[in-house]
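Welcome, and thanks for opening your viewer. Let's walk through a few selections together, one stop at a time.

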Amino acid sequence: LRPGLNGARLDLAAGDIEFRDIAALTAAGVNIDGSFGGTVSVNFIAGACPSGSARLRGGNIKEEGLKLAGFKLPTGDIDTAGLNAAFGECKVSVEGLWLDGRDMSARLSGEVFLKAPLQTSPVRMTLEVTPRGDAAGKSWMLTLLSSFRRSANFYSANIGGTIAHPVAER
């Protein structure tokens, strides 16, 4: 962290950080058993929105350890996960947030338009899910996504709403 007269710059490079050690994820109801590393570089200027980028990679995420708002997500073990995002113009452009495992792959991309408080920030995203093998026919999550089925093994949904209250749209 480099403080300046009108703001600060955060440059962070780290590896082998446990997801469970990040208080913001826990506070958001996300429980993940696994680790990640990567780089984050963000400028914070007084009276302006942040600018910069984040490139994170993770893996070895256990199926029983991936929960969102108390619900276990039926992803199977995740071999690799990642995030590529850019900050600027009062938004976060998520170039890709992905999970890739034996049973499925999922990718989220789009924009989050930053507001205070953060949970009220509007989102405009696309979620793509590709089940693999046995998961294609036995996941309750796919039942929830059935109206977003685009082919035999591909689901795509637009996500609107806010960070706190996302809404799947056609």
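Which residue forms a salt bridge with Arg 20? Select Glu 18: its closest approach to Arg 20 is 3.5 Å, taken between N and O atoms. Glu 18 is partly exposed, at 25% relative accessibility. Keep in mind as you go that you are looking at a predicted model.

**More salt bridges**

The whole structure contains 7 salt bridges, and a few of them are worth a visit. Pick Arg 9 and Asp 11 next: their side chains meet in a salt bridge, with 3.0 Å from N to O. Arg 9 has a relative accessible area of 28%, so it counts as partly exposed. Asp 11 is partly exposed as well, at 36%.

Now move on to Lys 91 and Glu 111, another salt bridge, whose closest N and O atoms are 2.8 Å apart. This pair links distant parts of the chain, with the two positions 20 residues apart in numbering: Lys 91 belongs to strand β9 (residues 91–101) and Glu 111 to strand β10 (residues 104–113). Are these two buried or exposed? Both Lys 91 and Glu 111 are buried. Add Arg 124 to your selection, and you have a network of salt bridges linking it with Lys 91 and Glu 111.

**Strands β5, β8 and β9**

Switch to a cartoon view and select residues 51–61, which form strand β5, together with residues 78–88, which form strand β8. The two run antiparallel and are joined by 9 bridges. To see one facing pair, show Ser 53 and Ala 86 of β8, which stand opposite each other.

Extend the selection to β9. How many bridges pair β8 with β9? There are 10, again in the antiparallel sense. Phe 87 and Val 92 in β9 stand opposite each other. Then zoom in on the turn: β8 and β9 make a hairpin with 2 residues between them, and Glu 89 in that turn has a positive phi of about 55°.

**The disulfide**

For the last stop, select Cys 49 and Cys 90, which are joined by a disulfide with an S to S distance of 1.7 Å. The structure holds 1 disulfide. This link is right-handed, with 85° about the S-S bond. Cys 49 sits in the loop between β4 (35–45) and β5, and Cys 90 in the loop between β8 and β9, so the pair ties together parts that are 41 residues apart in sequence. Cys 49 is partly exposed, at a relative accessible area of 27%, and Cys 90 is also partly exposed, at 33%.

Key. Residues numbered from 1 in each chain as written. Predicted model: local features only at pLDDT ≥ 70, side-chain atom pairs only at ≥ 80, totals over all residues. Heavy atoms only, no water. Salt bridge = Lys/Arg side-chain N within 4 Å of Asp/Glu carboxyl O. Buried < 20%, exposed > 50% of the residue type's maximum accessible area, 1.4 Å probe, protein only. Helix = DSSP H or I, 4+ residues; strand = E, 2+ residues; numbered from the N terminus. Pairing = 2+ DSSP bridges. Disulfide = S-S within 2.5 Å.
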